[in-house]
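Student: Please take a close look at a single part of this structure and show me, step by step, how that part is connected to what lies around it. I would like one continuous explanation rather than a list.

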Amino acid sequence: MKRRGEKPVIEREKKTRSNEPAVADVTFMRQAIRLAQTARNRGDTPVGSVVVRDGCVVGEGIESVRAERDPAGHAEVKAVQQACRNMNTLDLAGCSLYTTAEPCFMCSYVVRSARISRVVIGRAVPHVGGLTSKYPILADPDIPCWPQPPLVIRGMFEEECTA
């Protein structure tokens, strides 16, 4: 059920008139999937993330919790940090985040704090996800003093992101 002021969540990948995912979405999600494979090859959870502004990649992240022994080494956090440094700002309004896994609570906070406008998700993470868990902080429009939630598109290349 949609609450007052809540931004929409699109259940499947964004479609063009020909019923295919938008070319840019395909390109950037495939890049996130390649980064996730790198994480897997290093012994981490296979998550990759890409931040895009005006069709250009401004940040990338590879899950590196185990590789760097860093509990905050989530792909989404790393991608947002890199985008903030590259753009010399903490405000990523107008940017899209492509990620192979639903952002967890921590990553959802980072996304909201950075004011990312759009999030494209491959697979859900229902127990700790910021969208599908019982604590949907990624999409909740009623959190006081927080920016509006991003537009969320989920289920893009879900099978590939789960493999």
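**A close look at strand β5**

Tutor: Let us begin at a pair of residues, where R118 stands opposite L151 in β6. The model in front of you is a predicted one, and every statement that follows should be read as a description of that prediction. R118 belongs to strand β5, which covers residues 118-123, and its partner strand β6 covers residues 151-154. These two strands run parallel and are joined by four bridges. β5 also pairs with strand β4, residues 95-101, again in parallel, and here five bridges join the two. Within that pairing, T99 stands opposite I121 in β5. The link from β4 to β5 includes a helix, since β4, helix α3 (residues 105-113) and β5 make a right-handed β-α-β unit.

How is β5 placed with respect to the outside, covered or open? It is mostly covered, with six of its six residues buried. A general point helps before we look at single side chains: in a regular strand they alternate between the two faces of the sheet.

Take V119 as an example from β5. Leaving aside neighbours within four places in sequence, V119 is in contact with L97, T99, P103 and V111, and also with P150, L151, V152 and I153. V119 is one of the residues with the most contacts inside the largest nonpolar core, a group of 22 residues, and V51, V80, L92, L97 and I116 are named alongside it. The elements that give two or more residues to this core are α2 (75-87), β4, α3 and β5, and the largest share, five residues, comes from α2. Apart from this core lies another, of 13 residues, which includes V120 together with A32, I33 and C161. As a general background, nonpolar side chains in soluble globular proteins tend to be buried together.

Now step across to the neighbouring strand, β4, which holds T100. T100 counts as buried because its relative accessibility is 1%, under the 20% cut-off. Beyond its close neighbours in sequence, T100 is in contact with G122 and R123, and its other contacts include A32, I33 and C161. A polar atom of the T100 side chain also lies 3.1 Å from the backbone nitrogen of G48. Strand β4 carries Y98 as well, and this residue forms a ring pair with F28 of helix α1 (residues 23-41), so that the pair links parts of the chain 70 residues apart. The ring centres of F28 and Y98 are 5.5 Å apart and their planes stand at 45 degrees, which is why the pair is called tilted. Both F28 and Y98 are buried.

Finally, follow the chain onward from β5 into the loop that leads to β6, where Y135 is found. With a relative accessible area of 46%, Y135 is partly exposed, because this value falls between the 20% and 50% cut-offs. Not counting residues up to four places away in sequence, Y135 touches F105, G129 and G130. Y135 and C104 are 31 residues apart in sequence, and their C-alpha atoms are 9.9 Å apart in space.

To draw this together, β5 is a strand with six of six residues buried, paired in parallel with β4 and with β6.

Technical notes
Residues numbered from 1 in each chain as written. Predicted model: local features only at pLDDT ≥ 70, side-chain atom pairs only at ≥ 80, totals over all residues. Heavy atoms only, no water. Buried < 20%, exposed > 50% of the residue type's maximum accessible area, 1.4 Å probe, protein only. Pairing = 2+ DSSP bridges. Right-handed = clockwise from strand over helix to strand, strands pointing away. Polar contact = N/O pair within 3.5 Å; in protein donor to acceptor, adjacent residues only side chain to side chain. Contact = heavy atoms within 4.5 Å. Core = buried A, V, L, I, M, F, W, Y, C linked by side-chain atoms within 4.5 Å. Phe/Tyr/Trp six-rings, centres within 6.5 Å; stacked < 30°, edge-to-face > 60°.
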